[in-house]
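Below are some comments on the model you sent, set out as numbered points. Please read them with the coordinates open beside the text.

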Amino acid sequence: MATRARRPERREEPLSRERIVEVAIELLDTAGERGLTFRALAERLATGPGALYWHIAGKGELLDAATDAVVAGTLTAGPVDAAPREATRALALGVFDAVEAHPWIGAQFARAPWRSPMLRVFERLGRQVQAIGVPEAAQFTAVSALLNYILGVAGQNAANARAHQERQPDTDRAQFLGAVSASWAELDPDAYAFTRNVAEQLRDHDDREEFLAGIDFILTGIAVRHGPTGTALS
C-alpha cells in the first residue's frame, strides 16, 4: 500500500494580520531580513503564501508593520505622568533595548525615517521637549539631536554585538572588552594619550549606563540653553 504524504500541521488559531506580524518578528530576530520570506512565513503559520497576501501586500509593508509593533510596545512601557527628563530617558532606553533585542529595527529606521514607527518616537520626544519649555524655533533641532543620538548609539551597539558574535563567538563580552582594553593600553603614548588613559574605562563600562549618561548630557545642554528658569527636568 502506498504511503500517504504527511500533511502540514493545522493552525491552532485563525490567521490574522496581528499573528502574521508576530511570527514575522520571530523570523526577523532569528534569521534577519534576508530570512524573512513569505514562503518561510507561510511554513511557520502552516498556510500558503497566497493567504498571507490577503492581510499583507508585500515584504515592505510587513517590515513596516513589524517595526511599528515593536516601537508601539516600547512607547507604552514608559512611566505614566513622569517629568520630561525621566520620560525622555525612559523612552530613549526603551528604543535602545528594542534595537538591541531586534537589531533589524535599526536598518528600518534608517531606511524610512518619515514613516510611522520613526514618527512615533519623534512625536513622543517632541512633546517632552515642548514640556521642558524649549522655544518653538529650537524644538526641531533639540528633538533631532536626541533622536540622532538614540538611533546612532543603539544601532552601533547592536552592530558591535553582531560583529563580536560573528568574529569571536566563543568569547564573552567581558573577555572581548578586556582584550580591546589591553590593546589600547599598549598604543603609542604620544599619538594616543587620551585613548590609553580611558582604556580601563572601556573594559569596565556598562553600555546602558553610558547611553543614559549621553542622554543626560544632551538634556542638560538643552535645559541650560533653552529651558526657562525653574523648569523641572527631573
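1. The model is a predicted one, and its largest nonpolar core is a convenient place to begin. This core has 53 residues, and those with the most contacts inside it are I20, L41, L52, L62, L125, L146 and F211. At least two core residues come from each of helix 1 (17-35), helix 2 (38-44), helix 4 (59-75), helix 5 (84-101), helix 6 (104-111), helix 7 (116-132), helix 8 (136-167) and helix 12 (207-226). The most is given by helix 8, which supplies 8 residues. As a general background, nonpolar side chains tend to be buried together in soluble globular proteins.

2. F211, one of the residues with the most contacts inside the core, deserves a look of its own. Setting aside residues up to four places away in sequence, F211 touches A92, L93, F96, Y149, I150 and V153.

3. As for the overall make-up, the protein chain has 12 helices and 0 strands, so that the order of elements from the N terminus on reads α-α-α-α-α-α-α-α-α-α-α-α. Buried residues account for 35% of the 234 residues in the protein chain. Of the contacts with a separation of 6 or more, 66% are between residues 24 or more positions apart.

4. How do helix 4 and helix 6 cross? Their axes come within 10 Å and cross at roughly 110°, which means that helix 4 is roughly perpendicular to helix 6, the range for that term being 65 to 115 degrees. The contact is made on the helix 4 side by L63, A66, T67, V70 and V71, and on the helix 6 side by W104, I105, Q108, F109 and R111. In handedness, the crossing in which helix 4 passes helix 6 is left-handed.

5. A69 is also found in helix 4, and its relative accessibility of 35% makes it count as partly exposed. Not counting residues up to four places away in sequence, A69 touches V21 and I25. A69 and P117 are 48 residues apart in sequence, while their C-alpha atoms are 8.3 Å apart in space.

6. The UniProt record, in an unreviewed entry, lists residues 37-56 as "DNA-binding region", and I would keep that status in view when citing the annotation. In the model, the chain over residues 37-56 is 55% helix and 0% strand, with its end C-alpha atoms 12 Å apart.

7. The backbone at A46 should be checked by eye, since this residue has a positive phi of about 55° although it is not a glycine. A46 has its place in the loop between helix 2 and helix 3 (49-52). Is A46 buried or partly exposed? With a relative accessible area of 28%, A46 is partly exposed, because the buried class ends at 20% and the exposed class begins over 50%.

8. A last point concerns Q139, which is found in helix 8. Its relative accessible area is 17%, and Q139 is therefore buried, the cut-off being under 20%. Not counting residues up to four places away in sequence, Q139 touches V129, Q130 and V134.

Definitions and conventions: Residues numbered from 1 in each chain as written. Predicted model: local features only at pLDDT ≥ 70, side-chain atom pairs only at ≥ 80, totals over all residues. Heavy atoms only, no water. Core = buried A, V, L, I, M, F, W, Y, C linked by side-chain atoms within 4.5 Å. Buried < 20%, exposed > 50% of the residue type's maximum accessible area, 1.4 Å probe, protein only. Helix = DSSP H or I, 4+ residues; strand = E, 2+ residues; numbered from the N terminus. Contact = heavy atoms within 4.5 Å. UniProt positions renumbered as here; feature names shortened; annotations may be inferred. Axes fitted to C-alpha atoms, helices over the stretch in contact; angles between N-to-C directions. Parallel < 35°, antiparallel > 145°, perpendicular 65-115°, else oblique. Left-handed = near helix turned anticlockwise from the far one by under 90°.
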